[in-house]
Structure formats: C-alpha cells, structure tokens
Amino acid sequence: MARTVAQVIVDALRELGVRQVFGVVGDALNPLTDAIRTTEGLEWVGCRHEEAAAFAAGAQSQLTGTLGVCMGTVGPGSVHLLNGLYDAAKSHAPVLAIAGQVPLAELGSDYFQEVDNDALFSDVAVFRATVTSPDQLPQMLETAVRHARGRKGVAVLTVPGDLGERELTADRPARFSLNAPVSRPEEPAVVRAAELLDRSERTTLLVGAGARAARDDVLALADRLAAPMVLTLKAKAGFEGEANPFQVGQTGLIGNPAAAAALQEADTLLLLGTDFPYRDWYPEGRTVIQVDTEATHIGRRVPVDVGLVGDTGATVRDLLDHLAAAPAGSEGARDRSHLHTARERFEQWRSGQARLADPAHDKGLVGRIRSALDNRHHAIRPEALAAAVDRIAADDAVFTSDTGMATVWLSRFVEMRGDRRLIGSYNLGSMANAMPQALGAQCLDRERQVVAFCGDGGLSMLLGDLMTLKTYRLPVKLVVFDNRRLGMVKLEQEQAGLPEFGTVLDNPDFAAVAEAMGITGIRVTDPAEVEGAVRRALGTPGPVLLDVLTNPDEIAVPAKPTVEQGWGFALAKVKEVVRSHGEPD
C-alpha cells in the first residue's frame, strides 16, 4: 500500500532518530500530526506558541548534534517559528521546520492566511522548498535534511494543506547517508603557525564551542605553550572545572579582568573554534593565528597572520607535531610566568566574587558601604542566587539562560563542571529563550536535571508555555531573577549616561501564577531563605518555578571598565535622583 506524503515524512523522522516534534496543531498540519499520533517512537509536543516550539527543537539539536524538528501551520503559525529558527541558524544547529500552506490550487491568489513561505524563510534557511507533487518525496525531504545537517542550519519544507493526505505513486524508503568530514589545513600553513608559536613569549588561547570535541588536544596544546585559556560563553561546558588548570574565564561585557588582561598582555593570540564577535575586546597589534572549519570565518573579527581551515582536533594535533619541545634559546622549558600571572588574577577575582555571593556580604563593613550605594533595601543579590544554584545543582545538569543579566550571573557564578551542559541564545541574543530551550532539553531525558535561568522579562514574554511543562509533566526547574526590570537595557542606558527609562516591569507574583497553572511555585524575598529555597526547588518532583526577588540596582562591572562608562553611570544616577524628586515612582 502506497504511503501518504505525511506518512513518508513522519516515517523518515523516526528513522533519523527524531524523538519529539514541537509545534501547534492546525489545518494544514492535520495529516502530519495524525501520522505522528499513529507512529510509535515519535512524540508530538503541543506548544502554546510556535516560537517556543522552534526554540525547543533548536535546543535538542544543540545538545545532541542531530536534527531537531518543529512545525507551524499555514500563515501566522509559520511566521511565529521565525525567531526560534533564527536562533537555531545563528547557533549552527540542524533544524527541520515543516510549514503548512494553503491548498495548491489557491497558491498565489492571496488566499486566507496565505504567506509566501519560500520568501519568508529566505534569509534564515539554508534550504527551503514547497512540495507541489507527492512524487517529489522522499527526494525533496532527503535534500532538506542533508542541507540542515551538512550545512548545520535550518531547512524549511512547506507542505500545502491538500497534499499531506495524497499518496505517492512511486514510494521508496528515504535514505539519509551523511558522514561528517574531518578536514585539516595544508602542512605549510601549519608549519608557519608553529614557527610563530615557537617564537612567542606570551601566548593566550581564545577557545570556543568549536573546540569542545577536541578538549584533550586543546589542553595538551595549552600545556605545551604555557598559555592561559580564555573561554567564550559557549565553551564553558567542556573546558571549565578543576581538570583544566589553564582556563581564566570569559572576556567581553560578561567577563572578568583576568581574562581581559590575558588577552591584552599576550604577544600571540591563538583562536580555536570560535567566532567571538566583539571586536573591541581583541588586543591590537598582536600576532594572531586562527583555526576554524569555515574559511569565511578566518579574519572576519580580527586581522589574522595565519589562518588554518580545518577541524580543531586534527589541526591542533598537527600543530603539536610541529611545535618544538622548547622555544629556541630557552633552557629546556617554556617560561610559564604569563600563565601563572593570569591564573593568579583569575583566582583573586573568583575569591572576590565568592565574597559578594555570600548571603552575609551586606552585613560586613565593605558590604554595608556597597549596599548603601546599590542595595539600600537589602534585596537578594543575584550573585548569591546564582552561586547557590551552582552549589546545589547536579554535576550533569543542563542549564539554559535568558539573554541579559541572567546570563551574566550564570557566566560568573555557575561552573560547567562534570557533564554539565549549557545552551542559550548566545548568537542571536533573543529574549525569552531559556524556558522553551529547557523544555526541549527536558524532553530528551525526563530524569536529567534541567535548570533555566530566566529573566522576568524573558519569562513573561512566552509565559503561556509554562502550561506545556505542566501538560507533559516535564520536571524543568525555572529560576527567575525577578528584579522587576529589563536589567541589561537598564545597565546600557546608565553606562551611556542616560536615566533609566521604559525598563520597569509591573510583574505579577510568578510563583502564584505557576501555582494557578498546576506547577509548584516558590517565592523568595529574604536573602536568608535563598539556600533553602533552591534546595527545595531542585529537590521537588515535577516542574518548579522559583521566583526570587533580586536587587534591581545590582551593578555588573565589565571586565575592563572605561572612564567613560564610569562617568556615564554616575551621570545617569544623578539624573535618576533629580527626576525622582519631581516625579512619582
């Protein structure tokens, strides 16, 4: 018996190892969702918003390295997928989106809800096509999947509403054979890079997520070069922890002074598997060597002396083969003072941060002075909350974080030790990603701990999908940094010398909202209760929302603050005080 278009697609997804499909049911998708209903081993996860569905699918792809799948029905349903798909595209996550469409005969007639999907997804997708005949399958589906996996991006397959139930005249099983290539640069380029590294007195590594699979090789290279290792946020998982004696944390606005100094004081910078985009944080006038699988990434952030296009692991192993055992003119060992200085600074910074995260910090002399400036009401410091989660969470927990201040606190106070994983909207920078990404992560393993660091602005933007957690009994733990602000925007305004404007949020009691939805809600307002509340939240079965009222005036000092930022912040505070005398709160 010939299969329908819908059944061919669903059977292929199951054969690819896809376990969940995320979306919102409706009209054009009905044949597909019915095929999922009757197919063992494939689960339909009905979300409340298609954006959440796309974020969930992208999260699964990032965690597994395989295909994530979401669906949106005709018109607005497909439009709603866009933001989550952009996040997947910017994260180089293979995602297949099935988009509904009006009946074939109505295409081009401005029919009710008709949207030109091929045009709509033209910028976000590495492949997009509309099925106009059943006999285009399974080849068109195979092409879409190969594009998504081979180019690590989004593929969109549009299925008109009257095509899903039609049968193929020449059916065959779908075939998706695709092996990931391992590439390496040409030897002369490796030799040149090794010569520059051998001459270097102070080398610093900037390591990104593209190096995660080559962890042991990268550690061996850092040891050979006596090089401190600055990590991008996405490289935290895989390179943090006591087993890495070279890492000095992150740079950039969320980073620390030790990492910034390790970059600035180097004479040679080696980039491994990273496309760190913030040009202002690269040192100037240094020798730069970059390793990346994408030739188009070489030199697009900072001028490069040698570009090595290839797999990070293979390239690092080639470098190790060509590096001298010790630099010329040395007495048999490479000078390790650059590494030792960077590590000492990093440990000093961590000690200071640990004191700030102590719930009793504001009771000491320094704490009382600081709190008079930035925490007059003695609210819960977000540092203390993040540090408590770090202490109590499992060593194999999956963390997600909303863009903004929630990511700052996670970056500084949560260590990706053990088998912990981390995902977030770290390339697109979207709001509202943490909860739906946690949803997708938890669907992969109902027993593994999944913790979402949510901003109050981000959580409220897609609040409806709390019901998805409840409906599917997903034990996600939502930690809400409830500062009643769009905190990062507030900080940006104040650093520019502007008074805070438009950032105040009129929040509900999120714990009470969660309880009304059938989810355990815990609300914390007392700094002394943070530790116990975190233990209760992480130890309670099922989904939990921990609503912690944190200090809205907390100052997140960047890694290398400028005089202009300091004056801007002071000026903004004066303006806020002056305005407050004549305006109601």
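This passage walks through a predicted model, taking in two groups of parallel strands, some of the helices beside them and one buried arginine.

A good place to start is strand β6, which covers residues 154-160. This strand is mostly covered, with seven of its seven residues buried. In a regular strand, side chains alternate between the two faces of the sheet. In β6, Val 154, Val 156, Thr 158 and Pro 160 point one way, while Ala 155, Leu 157 and Val 159 point the other way, and all are buried.

The partners of β6 come next. Strand β4 (residues 95-101) runs parallel to β6 and is joined to it by seven bridges; within this pairing, Ala 97 has Val 156 as its bridge partner. Strand β5 (residues 125-130) is also parallel to β6, here with five bridges, and Ala 125 stands opposite Val 154. Between β5 and β6 the chain passes through helix α7 (residues 139-150), making a β-α-β crossover that is right-handed.

Further along the chain, an open sheet is built from five strands in the order β8-β7-β9-β10-β11, with parallel pairing. The edges are taken by β8 (229-231) and β11, each of which has a single partner strand, so one side of each is left without a neighbour in the sheet. From one strand to the next, the twist averages 15°. Inside the sheet, five bridges hold β9 and β10 in a parallel pair, and Leu 271 is matched with Gln 290 of β10.

Helices accompany this sheet. Helix α11 (residues 257-264) lies across β7, β8 and β9, and runs at about 125° to β8. Helix α8 has 13 residues (187-199), which at 1.5 Å a residue should span 18 Å; the C-alpha atoms at its ends are 19 Å apart, so the two values agree. The buried residues of α8 are Val 190, Ala 193, Ala 194, Leu 196, Leu 197 and Asp 198. These buried residues pack against several strands, namely β7 (203-207), β9 (268-272), β10 (287-292) and β11 (306-309), as well as against helices α9 (215-225) and α12 (312-322).

Finally, a single residue deserves a look. Arg 334 sits in the loop between α12 and α13 (337-357). Its relative accessibility is 11%, and Arg 334 therefore counts as buried. A polar atom of the Arg 334 side chain lies 3.0 Å from the backbone oxygen of Arg 224.

Technical notes: Residues numbered from 1 in each chain as written. Predicted model: local features only at pLDDT ≥ 70, side-chain atom pairs only at ≥ 80, totals over all residues. Heavy atoms only, no water. Helix = DSSP H or I, 4+ residues; strand = E, 2+ residues; numbered from the N terminus. Expected span 1.5 Å × (residues − 1). Buried < 20%, exposed > 50% of the residue type's maximum accessible area, 1.4 Å probe, protein only. Contact = heavy atoms within 4.5 Å. Polar contact = N/O pair within 3.5 Å; in protein donor to acceptor, adjacent residues only side chain to side chain. Pairing = 2+ DSSP bridges. Right-handed = clockwise from strand over helix to strand, strands pointing away. Axes fitted to C-alpha atoms, helices over the stretch in contact; angles between N-to-C directions.
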